[in-house]
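Let's walk through this model together, one piece at a time. Have the sequence at hand and turn the structure as you read.

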Amino acid sequence: MDKKISSLWISFLMSLIFLSGDIHVGAYLGINWGRMATQTFVPSMVVDLLLQNGIPELRLFQPSLNVLDAFADTNIGLAITLQENFLRNVVEQKQMDDYIHERVKVYSDKGVKFRYVYVGNEPFTKALYMKKQFNGTIRYLNMTRDALDSFNLPDIKATTPHFTDVLINVTKPSQGDFREDIKEKMLKFLDCINRTGAPFVLHIFPIYTVYRYGFDVDFAFFDNKSKFKIIDGNNTYTNLFTFIYDTLVSALAKAGYGDMEIVVGQIGWPTDGYVSASEANAERFHRSLLQYISRKDGTPLRPNRDIDMYLLGLTDENKVATDYGPYQRHWGIYKHDGLPKYKIDFTMQDRDVKPTIAKGTVRMPNRWCVFDGKTDHNETLVLQDYDYACGESDCTAFGTGATCDHLSFIEKVSYGYNMLYQMSNQDQRKCNLLGATITTNNPSTPDCDFPIEILTAEVVDGGSTLTKRY
């Protein structure tokens, strides 16, 4: 009975937040929650954060059952992902039916509001981490659609997100087209989602793309302070987002789908691990992005349009692969301990506020594992232990231009030792390295934080993989 009353109150609160005329806008703003980290928020904490910050939509990479339980009767829209390691084992329709029944139908009946089922993730990308392209996307997409239809769930759309590298490199958006090596597959994919009214979901990562194209980095920001711009006929592009978005619009038009709905499935700015990756730049990027979305400016090829998007992401993920750079582990708006990194107004009212603090995290004791710096240690063996510690933990703060790239040798060894110790829940055995000692004196520098992590809250399941974030 108490649970039912609590659910009713949650639904009432969500209706006030998301249907209020002061907050609700035509476009919806969601956020990605990946859990490839040694320390993760528990699902109930995430629900609280979304409620308190007025975020109506969430993308889940691992649709674990305990996570889905937390979203019952919250009125928060969910996009869930069918991971590739699950899909590769799907041989017949019954397997897909059983999965959709367990993860979607059952929870839909419990009051979970599903918006999308993403079938795989970026199957046509050229990214370094892909040994080969993931085949079978269209088949699995059709199987997912059939399963949803069999349970009378027509409003839940099945689609697949794509990275910007499905598009050819262009100097003007009007030149936009899909890569020749995937064009046949892409045309089949577009026909498939067009028949079911599903959107094209695009992942846009400005810090990656602006350097890939050789553009001025300021072009990545909506408040572009440089003189760099791109002229394309009668259209002028002063920021990377509209440039990439309209490149996709042109590609879709050439494929015969000029009116297809586009959802931006991931967009954000990292706070560490790379040149220009900082909390200040992340705040600047998101402030101007949300100002742009709330104005409903659209783009030159689709003016005066609402644009739906999901920010990347809720928290950092210190176990994500870093093929494209260390910054891939630093997309989070929140730190692992539940503190927001910078100001952002998710309600798109341009308030100068930080998000609410995540409540319920348990910080580990003020203990650090550091290198004693003694000169009588064998430097080769110290380096071996340092490499081992960083390889088993997360030293991405050493990336070029990152917050800790200025550290001395002794400080870097201490940082690596400490990260292994912290990511192992301060297991003293992980501090059994050459010259390692445990201290209660904080070794952080003014620019480089030696973190203390939170206690591991749960084991992530649900077909999880080391999902990439560019």
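A good place to begin is helix α7, whose buried residues are K183, M186, F189, L190, C192 and I193. Please keep in mind that this is a predicted model. The spacing of that list is easier to read with a rule in hand: an α-helix has 3.6 residues a turn, so residues three or four places apart point the same way. What do the buried residues of α7 pack against? Their neighbours are α6, β5, β6, β7 (200-203) and α9. The helix itself covers residues 183-196, which makes 14 residues. From its first C-alpha to its last it reaches 20 Å, close to the 20 Å expected at 1.5 Å a residue. Just after α7 comes G197, with a positive phi of about 75°.

Three of those neighbours, β5, β6 and β7, lead us to the sheet. It is an open sheet of 9 strands with parallel pairing, and the order is β5-β4-β3-β2-β1-β11-β10-β7-β6. Which strands form its edges? They are β5 (157-159) and β6 (161-163), each of which pairs on one side only. On average, neighbouring strands here are turned by 25° against each other, direction ignored. Helix α10 (residues 279-295) packs on this sheet, where it touches β1 (29-33), β10 (262-267) and β11 (308-311). The direction of α10 makes about 165° with that of β11.

At the β5 edge, the partner strand is β4 (residues 113-119), which runs parallel to β5 and is joined to it by 3 bridges. Within this pair, Y118 stands opposite T159 of β5.

Now move along the sheet to β1. Why can we call this strand largely enclosed by the rest of the structure? Because 5 of the 5 residues of β1 are buried. In a regular strand the side chains alternate between the two faces of the sheet. You can follow this in β1: L29, I31 and W33 point one way, while G30 and N32 point the other way, and all are buried. On one side β1 pairs with β11 in the parallel sense, over 3 bridges, and G30 stands opposite Y310 of β11. β1 is also joined by 4 bridges to β2 (residues 57-60), again running parallel. There, W33 has L60 as its bridge partner. Together with helix α2 (residues 43-53), β1 and β2 make a right-handed β-α-β unit.

Two single residues round off the tour. The first to look at is L240, found in helix α9 (residues 240-254), one of the elements that the buried residues of α7 pack against. Is L240 buried or exposed? Its relative accessibility is 1%, so L240 counts as buried, the cut-off being under 20%. Leaving aside residues up to four places away in sequence, L240 touches P206, T209, V210, F215, F219 and A220. F222 is 18 residues from L240 in sequence, and their C-alpha atoms are 8.0 Å apart in space.

The other residue is T125, in the loop between β4 and α6 (137-150). T125 has a relative accessible area of 3%, and is therefore buried. Which side chain does T125 reach with a polar contact? The partner is the side chain of D165, at 2.8 Å.

Key: Residues numbered from 1 in each chain as written. Predicted model: local features only at pLDDT ≥ 70, side-chain atom pairs only at ≥ 80, totals over all residues. Heavy atoms only, no water. Pairing = 2+ DSSP bridges. Helix = DSSP H or I, 4+ residues; strand = E, 2+ residues; numbered from the N terminus. Axes fitted to C-alpha atoms, helices over the stretch in contact; angles between N-to-C directions. Contact = heavy atoms within 4.5 Å. Buried < 20%, exposed > 50% of the residue type's maximum accessible area, 1.4 Å probe, protein only. Right-handed = clockwise from strand over helix to strand, strands pointing away. Polar contact = N/O pair within 3.5 Å; in protein donor to acceptor, adjacent residues only side chain to side chain. Expected span 1.5 Å × (residues − 1).
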